[in-house]
Amino acid sequence: MTAVAPPMSTKALLTDVTTVRLRPRYEGSNICTWIGFKHVNYLVEEAVLVHFADSGAPARRLYEEHGLGLDIVALETRILHAFHMDDVAEAEVAPDTEDDDRTLGFRVTLRVERDGSVLKAVAAKVRVSLRADTYLPEVGEPPAEFAPFVVDRLGAEARTGELAPIRVRMPDADEATVLASLTEGRNAYAWKWNIPYPYCHFTERLQMSGYLRLMEEAKDRFVLDRGISIKTLLDDRKWIPVVPRSSVRVLDEAVMEEDLYTVYTVEEIFKDLTYTARMDCFVVRDGALTLTATGRITHGYAVIDNRSDWRLVPFDRRVLDALGGEQSGT
């Protein structure tokens with residue numbers, strides 16, 4: 001006989017602290033054996049999913065039994081120590097949800113062992129929405145305790161005030177003109193992209209990991225456009241980009257096969273050590289560009305000393321000019 005799962009409750013989800021050991025994916029080691037920021041964020045996401053499962057509300061059961069898609073709608077991460085290939089992270093997930101919150105909140109800490117000591121490597125804040133599925137027939141009411149966190153559309157909790165989605169009139173022009181309008185007067189790069197299904201989940205919508213992949217691509221496109229591509233600086237001086245901080249917030253939904261306009265704007269260059277860029281993603285709705293997600297990422301550069309070590313370096317004039325200069329195209 002198959003055991004019947006007990007009714008789902010938010011008690012453990014909102015009170016218990018869970019700990020799990022995770023290993024970064026091999027795919028995330030792109031330069032020597034260091035793990036990129038995107039895959040560090042994947043570890044954070046996986047830790048939250050384990051927390052849901054250990055609390056009796058795994059993502060699969062939420063969807064199959066109650067038609068609720070588990071969507072990470074905000075992710076803010078500080079990377080304090082780099083992860084390497086074959087590192088094992090100890091991930092701690094602590095609930096961080098107030099009584100009047102419309103999203104489920106968590107604080108995630110990743111720790112790693114270095115030379116006999118355990119270091120706090122990552123600190124992250126995560127917000128989760130439970131999106132009621134409308135693609136397949138209705139499956140009934142969600143468990144009552146989960147109802148405050150259920151939304152009919154992602155970003156519903158941010159539709160008022162300063163986080164309200166931005167709508168920009170769509171110029172009556174071709175793609176190049178639209179891209180030019182998005183970057184006019186800004187230190188920015190933009191491109192149009194059709195959302196493919198590998199970036200989506202729950203059958204139709206772009207998920208948080210997809211936005212992280214876009215953020216990584218935006219950096220790659222921007223520095224290539226400015227003449228300091230990743231490979232150029234690797235070949236010239238063995239410099240690699242490093243990320244101490246990143247964040248993404250979903251403000252509305254973006255759907256499979258929609259055209260997404262992504263804008264990467266350099267906002268601040270701090271002395272000659274780091275720069276912060278903003279990523280904004282738009283889709284076309286009712287003749288206007290609607291902001292679906294926004295985020296920020298801070299970058300620096302490090303020089304590769306050997307196969308296992310690197311050290312931070314200040315920007316030189318070539319890099320400063322490229323980061324602060326005029327765009328050469330979109």
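A residue is called buried when its relative accessible area is under 20%. The views below all show a predicted model.

**View 1. Phe222 and Tyr264 form a tilted ring pair.** Phe222 has a relative accessibility of 0%, so this residue counts as buried. Tyr264, at a relative accessible area of 1%, is buried as well. Across the model the count of aromatic pairs is nine. In the pair shown here, the ring centres lie 5.2 Å apart and the planes meet at 50 degrees, which means that the pair is tilted. Distant parts of the chain are linked by this contact: Phe222 belongs to helix H5 (residues 208-225) and Tyr264 to strand E14 (residues 259-270), with the two positions 42 residues apart in numbering.

**View 2. Trp239 and Tyr301 bring two strands together.** The ring centres of Trp239 and Tyr301 are separated by 5.7 Å, and their planes stand at 35 degrees, so this pair is tilted. Because Trp239 lies in strand E13 (residues 239-250) and Tyr301 in strand E16 (residues 288-304), the pair ties together parts that are 62 residues apart in sequence. Trp239 and Tyr301 are both buried. Trp239 and Tyr301 also belong to a cluster, linked by ring pairs, that includes Tyr275 and Phe315.

**View 3. Arginine side chains sit over aromatic rings.** The charged end of Arg237 is placed over the ring of Trp239, at 4.7 Å from the ring centre. Trp239 thus appears in this view as well as in the ring cluster with Tyr275, Tyr301 and Phe315. Elsewhere, Arg213 has its charged end over the ring of Tyr199, 3.7 Å from the centre of that ring.

**View 4. The largest pocket holds about 880 Å³ of space.** This pocket is lined by 37 residues, and those closest to its centre are Ile35, Gly36, Pro241, Val242 and Val243. Several elements each supply at least two lining residues: strand E2 (29-31), strand E3 (34-35), helix H2 (37-54), H5, E13, E16 and strand E17 (310-313). E13 gives the largest share of the lining, with five residues. Two of the contributing elements, E13 and E16, also carry the ring pair of Trp239 and Tyr301. By class, the lining consists of 23 nonpolar, nine polar and five charged residues.

How values were computed. Residues are numbered from 1 along each chain as its sequence is written. This is a predicted model: local features need pLDDT of at least 70, side-chain atom pairs count only at pLDDT 80 or more; totals for chains, interfaces and linings use all residues. Side-chain values use heavy atoms; hydrogens and water are left out. Rings of Phe, Tyr and Trp (its six-membered ring) pair if their centres lie within 6.5 Å; planes under 30 degrees apart count as stacked, over 60 as edge-to-face and the rest as tilted. Helices (H or I, at least four residues) and strands (E, at least two) are DSSP runs, numbered from the N terminus. Buried means under 20% relative accessible area, exposed over 50%, partly exposed in between (1.4 Å probe, protein chains only). A charge sits over a ring if NZ of Lys or CZ of Arg is within 6 Å of the ring centre and within 35 degrees of the ring normal. On a 1 Å grid over the protein atoms alone, a cavity is a set of points where a 1.4 Å probe fits but cannot get out, and a pocket is an open set with protein on both sides within 12 Å along at least five of seven lines; lining residues have an atom within 4 Å of a point. Grid points are joined across faces, edges and corners, and a volume is the space filled by probe spheres set on the points. Ala, Val, Leu, Ile, Met, Phe, Trp, Tyr, Cys and Pro count as nonpolar, Asp, Glu, Lys and Arg as charged, and the others, Gly among them, as polar.
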